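Below is a short briefing on one protein model and its ligand. Please look at the structure before reading the points.

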Amino acid sequence: MTKIPLESSDLPGHQELQQLMQLEKMATLGRLVAGVAHEINNPVCYVKTNLQTLTQYVAELDQLVDSILALADSQLDSTLSEALAGLKKRHDYDYLHAELPILLDETSEGVERIEGIVSNLRDYAHDDEGQKQFVCLQKLVETALRLVNHELKYTVRQIKREYTEVPEVWCRPAQMSQVLVNLFVNAAQAMPRGGDIHISIHECAESRVEISVCDEGYGISEEIKTRLFEPFVTTKPAGKGTGLGLAICHEIMVAHGGEIRAENRPSRGTCFTLALPIKQS
Ligand SMILES: Nc1ncnc2c1ncn2[C@@H]1O[C@H](COP(=O)(O)OP(=O)(O)OP(=O)(O)O)[C@@H](O)[C@H]1O
Ligand SMILES: [Mg+2]
(Lines give C-alpha, C1' and ligand atoms only; values in the text may rest on other atoms or scores of the structure.)
(Ligands and ions follow the chains in the order given, each with its own letter.)
Protein backbone atom coordinates (compact mmCIF):
# COMPACT_ATOMS: atom_id res chain seq x y z
CA MET A 1 0.00 0.00 0.00
CA THR A 2 1.40 3.43 -0.97
CA LYS A 3 1.40 6.07 1.68
CA ILE A 4 0.21 9.49 0.48
CA PRO A 5 2.00 12.27 2.39
CA LEU A 6 -0.54 14.42 4.19
CA GLU A 7 -0.08 18.17 3.69
CA SER A 8 -0.79 20.22 6.82
CA SER A 9 -3.18 22.32 4.68
CA ASP A 10 -5.30 19.20 4.19
CA LEU A 11 -6.02 18.90 7.89
CA PRO A 12 -9.54 19.83 8.92
CA GLY A 13 -9.78 23.35 10.34
CA HIS A 14 -6.37 24.33 8.95
CA GLN A 15 -7.68 27.46 7.22
CA GLU A 16 -9.58 28.62 10.32
CA LEU A 17 -6.43 28.10 12.40
CA GLN A 18 -4.37 30.11 9.93
CA GLN A 19 -6.96 32.92 10.07
CA LEU A 20 -6.95 32.88 13.88
CA MET A 21 -3.15 33.02 13.94
CA GLN A 22 -3.25 35.93 11.49
CA LEU A 23 -5.80 37.77 13.68
CA GLU A 24 -3.69 37.16 16.77
CA LYS A 25 -0.62 38.45 14.92
CA MET A 26 -2.49 41.60 13.89
CA ALA A 27 -3.74 42.15 17.46
CA THR A 28 -0.17 41.79 18.82
CA LEU A 29 1.08 44.17 16.14
CA GLY A 30 -1.64 46.64 17.11
CA ARG A 31 -0.60 46.54 20.78
CA LEU A 32 3.04 46.94 19.77
CA VAL A 33 2.24 49.94 17.57
CA ALA A 34 0.19 51.53 20.38
CA GLY A 35 3.05 50.97 22.84
CA VAL A 36 5.72 52.37 20.53
CA ALA A 37 3.53 55.36 19.62
CA HIS A 38 2.98 56.06 23.31
CA GLU A 39 6.73 55.88 24.04
CA ILE A 40 7.57 58.21 21.14
CA ASN A 41 4.90 60.63 22.26
CA ASN A 42 6.65 61.56 25.54
CA PRO A 43 10.01 62.68 24.10
CA VAL A 44 8.19 64.38 21.21
CA CYS A 45 6.23 66.43 23.79
CA TYR A 46 9.30 67.72 25.59
CA VAL A 47 11.26 68.29 22.37
CA LYS A 48 8.32 70.41 21.19
CA THR A 49 8.12 72.42 24.44
CA ASN A 50 11.90 72.91 24.56
CA LEU A 51 11.92 74.01 20.96
CA GLN A 52 9.36 76.71 21.72
CA THR A 53 11.48 77.96 24.66
CA LEU A 54 14.63 77.74 22.52
CA THR A 55 13.00 79.87 19.81
CA GLN A 56 12.21 82.54 22.42
CA TYR A 57 15.76 82.45 23.86
CA VAL A 58 17.34 82.68 20.41
CA ALA A 59 15.17 85.71 19.58
CA GLU A 60 16.29 87.39 22.82
CA LEU A 61 19.98 86.60 22.23
CA ASP A 62 19.58 87.97 18.71
CA GLN A 63 18.20 91.22 20.11
CA LEU A 64 21.07 91.41 22.62
CA VAL A 65 23.69 91.00 19.87
CA ASP A 66 21.92 93.61 17.71
CA SER A 67 21.88 96.06 20.64
CA ILE A 68 25.60 95.50 21.37
CA LEU A 69 26.46 96.07 17.70
CA ALA A 70 24.33 99.23 17.55
CA LEU A 71 25.91 100.50 20.79
CA ALA A 72 29.41 99.89 19.48
CA ASP A 73 28.52 101.71 16.25
CA SER A 74 27.29 104.74 18.20
CA GLN A 75 30.59 104.99 20.13
CA LEU A 76 32.47 106.09 16.98
CA ASP A 77 35.40 104.07 18.22
CA SER A 78 37.13 102.74 15.10
CA THR A 79 39.24 100.14 16.99
CA LEU A 80 36.12 98.69 18.62
CA SER A 81 34.20 98.72 15.31
CA GLU A 82 37.03 96.93 13.52
CA ALA A 83 37.34 94.35 16.31
CA LEU A 84 33.59 93.67 16.17
CA ALA A 85 33.63 93.45 12.36
CA GLY A 86 36.49 90.92 12.67
CA LEU A 87 34.54 88.87 15.23
CA LYS A 88 31.39 88.93 13.07
CA LYS A 89 33.39 87.68 10.12
CA ARG A 90 35.23 85.00 12.10
CA HIS A 91 31.96 83.55 13.44
CA ASP A 92 30.08 84.02 10.18
CA TYR A 93 27.55 86.12 12.09
CA ASP A 94 25.43 87.23 9.11
CA TYR A 95 24.97 83.64 7.99
CA LEU A 96 24.06 82.44 11.53
CA HIS A 97 21.69 85.36 11.98
CA ALA A 98 19.82 84.47 8.77
CA GLU A 99 19.90 80.67 9.18
CA LEU A 100 18.92 80.20 12.85
CA PRO A 101 15.22 81.11 12.52
CA ILE A 102 14.90 78.98 9.37
CA LEU A 103 16.46 75.97 11.13
CA LEU A 104 14.18 76.40 14.13
CA ASP A 105 11.10 76.70 11.89
CA GLU A 106 11.99 73.58 9.93
CA THR A 107 12.67 71.64 13.14
CA SER A 108 9.29 72.66 14.59
CA GLU A 109 7.59 71.58 11.37
CA GLY A 110 9.36 68.20 11.58
CA VAL A 111 8.34 67.71 15.21
CA GLU A 112 4.74 68.57 14.36
CA ARG A 113 4.81 66.02 11.56
CA ILE A 114 6.12 63.33 13.95
CA GLU A 115 3.37 64.31 16.39
CA GLY A 116 0.75 63.86 13.64
CA ILE A 117 2.10 60.46 12.59
CA VAL A 118 2.26 59.23 16.19
CA SER A 119 -1.30 60.38 16.80
CA ASN A 120 -2.45 58.57 13.61
CA LEU A 121 -0.67 55.39 14.72
CA ARG A 122 -2.35 55.57 18.12
CA ASP A 123 -5.73 55.96 16.45
CA TYR A 124 -4.95 53.06 14.12
CA ALA A 125 -4.17 50.86 17.10
CA HIS A 126 -7.29 52.05 18.97
CA ASP A 127 -5.29 53.47 21.83
CA ASP A 128 -8.11 55.81 22.73
CA GLU A 129 -11.49 54.26 22.13
CA GLY A 130 -13.99 56.62 23.78
CA GLN A 131 -17.44 55.65 25.02
CA LYS A 132 -20.19 54.04 22.93
CA GLN A 133 -23.51 55.86 22.80
CA PHE A 134 -26.59 56.41 20.61
CA VAL A 135 -25.66 58.98 18.02
CA CYS A 136 -27.59 61.02 15.47
CA LEU A 137 -25.61 60.57 12.24
CA GLN A 138 -26.84 63.82 10.73
CA LYS A 139 -25.43 65.78 13.69
CA LEU A 140 -22.21 63.76 13.56
CA VAL A 141 -21.71 64.60 9.87
CA GLU A 142 -22.34 68.30 10.47
CA THR A 143 -19.89 68.40 13.41
CA ALA A 144 -17.22 66.64 11.34
CA LEU A 145 -17.78 69.13 8.51
CA ARG A 146 -17.25 72.03 10.92
CA LEU A 147 -14.04 70.40 12.19
CA VAL A 148 -12.51 70.34 8.70
CA ASN A 149 -14.00 73.55 7.38
CA HIS A 150 -10.55 75.16 7.18
CA GLU A 151 -9.31 72.32 4.93
CA LEU A 152 -12.36 72.28 2.66
CA LYS A 153 -13.02 75.95 2.12
CA TYR A 154 -10.38 76.50 -0.58
CA THR A 155 -11.36 73.68 -2.94
CA VAL A 156 -14.87 72.54 -2.08
CA ARG A 157 -17.47 74.70 -3.84
CA GLN A 158 -20.57 73.26 -2.24
CA ILE A 159 -21.60 70.50 0.16
CA LYS A 160 -24.72 68.86 -1.28
CA ARG A 161 -26.74 67.02 1.35
CA GLU A 162 -29.31 64.30 0.90
CA TYR A 163 -30.34 63.27 4.39
CA THR A 164 -33.25 60.96 5.16
CA GLU A 165 -34.59 60.13 8.64
CA VAL A 166 -32.60 57.25 10.11
CA PRO A 167 -32.55 55.79 13.63
CA GLU A 168 -29.77 56.76 16.00
CA VAL A 169 -26.77 54.45 15.81
CA TRP A 170 -24.90 52.84 18.74
CA CYS A 171 -21.27 53.84 18.15
CA ARG A 172 -18.21 55.69 19.44
CA PRO A 173 -18.86 59.21 18.15
CA ALA A 174 -15.23 60.36 18.39
CA GLN A 175 -14.12 57.47 16.19
CA MET A 176 -16.95 57.83 13.69
CA SER A 177 -16.24 61.51 13.46
CA GLN A 178 -12.62 60.68 12.72
CA VAL A 179 -13.71 58.40 9.85
CA LEU A 180 -15.80 61.21 8.35
CA VAL A 181 -13.01 63.75 8.79
CA ASN A 182 -10.58 61.46 6.92
CA LEU A 183 -13.06 61.01 4.06
CA PHE A 184 -13.79 64.75 3.80
CA VAL A 185 -10.10 65.66 3.77
CA ASN A 186 -9.36 63.01 1.13
CA ALA A 187 -12.27 64.26 -0.98
CA ALA A 188 -10.99 67.84 -0.82
CA GLN A 189 -7.43 66.73 -1.60
CA ALA A 190 -8.71 64.80 -4.63
CA MET A 191 -10.20 68.01 -6.07
CA PRO A 192 -7.31 70.48 -6.30
CA ARG A 193 -9.20 72.35 -9.04
CA GLY A 194 -12.41 72.46 -7.03
CA GLY A 195 -15.70 70.56 -7.01
CA ASP A 196 -18.65 69.59 -4.83
CA ILE A 197 -18.95 66.99 -2.09
CA HIS A 198 -22.20 65.01 -2.03
CA ILE A 199 -23.21 63.47 1.29
CA SER A 200 -26.16 61.16 1.72
CA ILE A 201 -27.53 59.34 4.75
CA HIS A 202 -30.11 56.61 4.25
CA GLU A 203 -31.41 53.41 5.76
CA CYS A 204 -31.07 50.27 3.70
CA ALA A 205 -32.07 46.65 3.99
CA GLU A 206 -30.64 44.38 6.70
CA SER A 207 -31.13 47.02 9.44
CA ARG A 208 -28.20 49.07 8.24
CA VAL A 209 -27.65 52.73 7.67
CA GLU A 210 -25.30 54.05 5.05
CA ILE A 211 -23.46 57.33 4.78
CA SER A 212 -21.91 58.06 1.42
CA VAL A 213 -19.34 60.74 0.72
CA CYS A 214 -18.80 61.39 -2.98
CA ASP A 215 -16.49 63.86 -4.64
CA GLU A 216 -15.79 65.15 -8.14
CA GLY A 217 -12.05 64.60 -8.00
CA TYR A 218 -9.49 62.60 -9.96
CA GLY A 219 -10.73 59.19 -8.74
CA ILE A 220 -8.78 56.38 -7.06
CA SER A 221 -5.77 55.42 -9.11
CA GLU A 222 -5.70 51.93 -10.60
CA GLU A 223 -2.40 50.94 -8.93
CA ILE A 224 -3.69 51.19 -5.36
CA LYS A 225 -7.33 50.13 -5.85
CA THR A 226 -6.86 46.69 -4.33
CA ARG A 227 -4.75 47.93 -1.40
CA LEU A 228 -6.73 51.08 -0.57
CA PHE A 229 -7.43 50.18 3.06
CA GLU A 230 -3.96 48.87 3.89
CA PRO A 231 -1.74 51.02 6.11
CA PHE A 232 0.91 53.21 4.46
CA VAL A 233 -0.63 53.04 0.98
CA THR A 234 -0.53 56.55 -0.43
CA THR A 235 -0.11 58.36 -3.75
CA LYS A 236 0.67 61.64 -2.01
CA PRO A 237 4.22 63.00 -1.92
CA ALA A 238 6.39 62.27 1.13
CA GLY A 239 5.43 64.55 3.97
CA LYS A 240 1.92 65.15 2.54
CA GLY A 241 0.27 61.83 3.40
CA THR A 242 1.08 58.90 5.67
CA GLY A 243 -1.37 56.54 3.99
CA LEU A 244 -2.96 55.76 7.36
CA GLY A 245 -6.25 57.66 6.92
CA LEU A 246 -8.25 54.94 5.18
CA ALA A 247 -6.60 52.13 7.17
CA ILE A 248 -7.86 53.85 10.34
CA CYS A 249 -11.33 54.25 8.79
CA HIS A 250 -11.38 50.55 7.92
CA GLU A 251 -10.29 49.47 11.43
CA ILE A 252 -12.94 51.67 13.06
CA MET A 253 -15.75 50.49 10.76
CA VAL A 254 -14.88 46.82 11.31
CA ALA A 255 -14.71 47.39 15.08
CA HIS A 256 -18.27 48.78 14.84
CA GLY A 257 -19.50 45.71 12.94
CA GLY A 258 -19.77 47.83 9.80
CA GLU A 259 -17.86 48.26 6.59
CA ILE A 260 -16.35 50.81 4.25
CA ARG A 261 -16.28 50.53 0.48
CA ALA A 262 -15.10 52.74 -2.32
CA GLU A 263 -15.84 53.00 -6.02
CA ASN A 264 -15.01 55.47 -8.72
CA ARG A 265 -18.04 57.22 -10.16
CA PRO A 266 -18.73 56.73 -13.89
CA SER A 267 -18.57 60.48 -14.60
CA ARG A 268 -15.68 61.51 -12.37
CA GLY A 269 -14.67 61.34 -8.74
CA THR A 270 -15.03 58.74 -6.04
CA CYS A 271 -17.78 57.53 -3.74
CA PHE A 272 -16.99 56.17 -0.28
CA THR A 273 -19.80 54.36 1.53
CA LEU A 274 -19.88 53.65 5.26
CA ALA A 275 -22.35 51.00 6.38
CA LEU A 276 -23.30 50.56 10.04
CA PRO A 277 -25.67 48.13 11.69
CA ILE A 278 -28.46 49.96 13.49
CA LYS A 279 -28.53 47.53 16.37
CA GLN A 280 -25.28 46.07 17.65
CA SER A 281 -24.50 43.60 20.35
N1 LIG B 1 -11.53 60.70 -2.48
C2 LIG B 1 -10.45 60.15 -3.06
N3 LIG B 1 -10.25 60.30 -4.40
C4 LIG B 1 -9.17 59.74 -5.00
N5 LIG B 1 -8.22 59.04 -4.36
C6 LIG B 1 -8.37 58.86 -3.03
C7 LIG B 1 -9.48 59.40 -2.31
N8 LIG B 1 -9.36 59.06 -1.01
C9 LIG B 1 -8.22 58.34 -0.93
N10 LIG B 1 -7.63 58.23 -2.13
C11 LIG B 1 -6.37 57.52 -2.44
O12 LIG B 1 -6.08 56.62 -1.41
C13 LIG B 1 -4.79 56.88 -0.85
C14 LIG B 1 -4.80 56.53 0.61
O15 LIG B 1 -5.64 57.43 1.34
P16 LIG B 1 -5.38 57.63 2.89
O17 LIG B 1 -6.39 58.59 3.39
O18 LIG B 1 -5.31 56.29 3.52
O19 LIG B 1 -3.92 58.22 2.95
P20 LIG B 1 -3.41 59.66 2.45
O21 LIG B 1 -4.59 60.57 2.25
O22 LIG B 1 -2.53 59.44 1.28
O23 LIG B 1 -2.55 60.13 3.68
P24 LIG B 1 -3.12 60.55 5.15
O25 LIG B 1 -4.60 60.36 5.15
O26 LIG B 1 -2.42 59.62 6.07
O27 LIG B 1 -2.72 61.96 5.28
C28 LIG B 1 -4.53 58.35 -1.16
O29 LIG B 1 -3.15 58.64 -1.20
C30 LIG B 1 -5.20 58.50 -2.53
O31 LIG B 1 -4.35 58.04 -3.56
MG1 LIG C 1 -6.08 60.76 3.80
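A backbone N or O atom of Gly-243 is 3.0 Å from an oxygen atom of ligand 1, a polar contact (a pair of N or O atoms within 3.5 Å). The model is predicted: local features need pLDDT of at least 70, side-chain atom pairs count only at pLDDT 80 or more, and totals for chains, interfaces and linings use all residues. Residues are numbered from 1 along each chain as its sequence is written, chains are lettered from A and ligands numbered from 1 in the order written, and side-chain values use heavy atoms, without hydrogens and water.

**Ligand 1**

- A backbone N or O atom of Leu-246 lies 2.8 Å from an oxygen atom of the ligand.
- In the side chain of Thr-234, an N or O atom is 2.5 Å from an oxygen atom of ligand 1.
- The protein buries 93% of the 590 Å² that ligand 1 exposes when taken alone (accessible areas by the Shrake-Rupley method, 1.4 Å probe).

**The sheet**

- Five strands (DSSP runs of E, at least two residues, numbered from the N terminus) form an open sheet in the order 2-4-5-7-6, with mixed pairing.
- Strand 2 (156-163) and strand 6 (259-264) are the edge strands, each pairing on one side only; pairing requires at least two DSSP bridges between two strands.
- Strand 4 (residues 195-204) and strand 5 (residues 208-214) pair in the antiparallel sense over seven bridges.
- Cys-204 has Arg-208 in strand 5 as its bridge partner.

**Helix on the sheet**

- Helix 4 (residues 137-147) packs on the sheet and touches strand 2, strand 4 and strand 5; helices are DSSP runs of H or I, at least four residues, and contact means heavy atoms within 4.5 Å.

How values were computed:
Axes fitted to C-alpha atoms, helices over the stretch in contact; angles between N-to-C directions. Polar contact = N/O pair within 3.5 Å; in protein donor to acceptor, adjacent residues only side chain to side chain.
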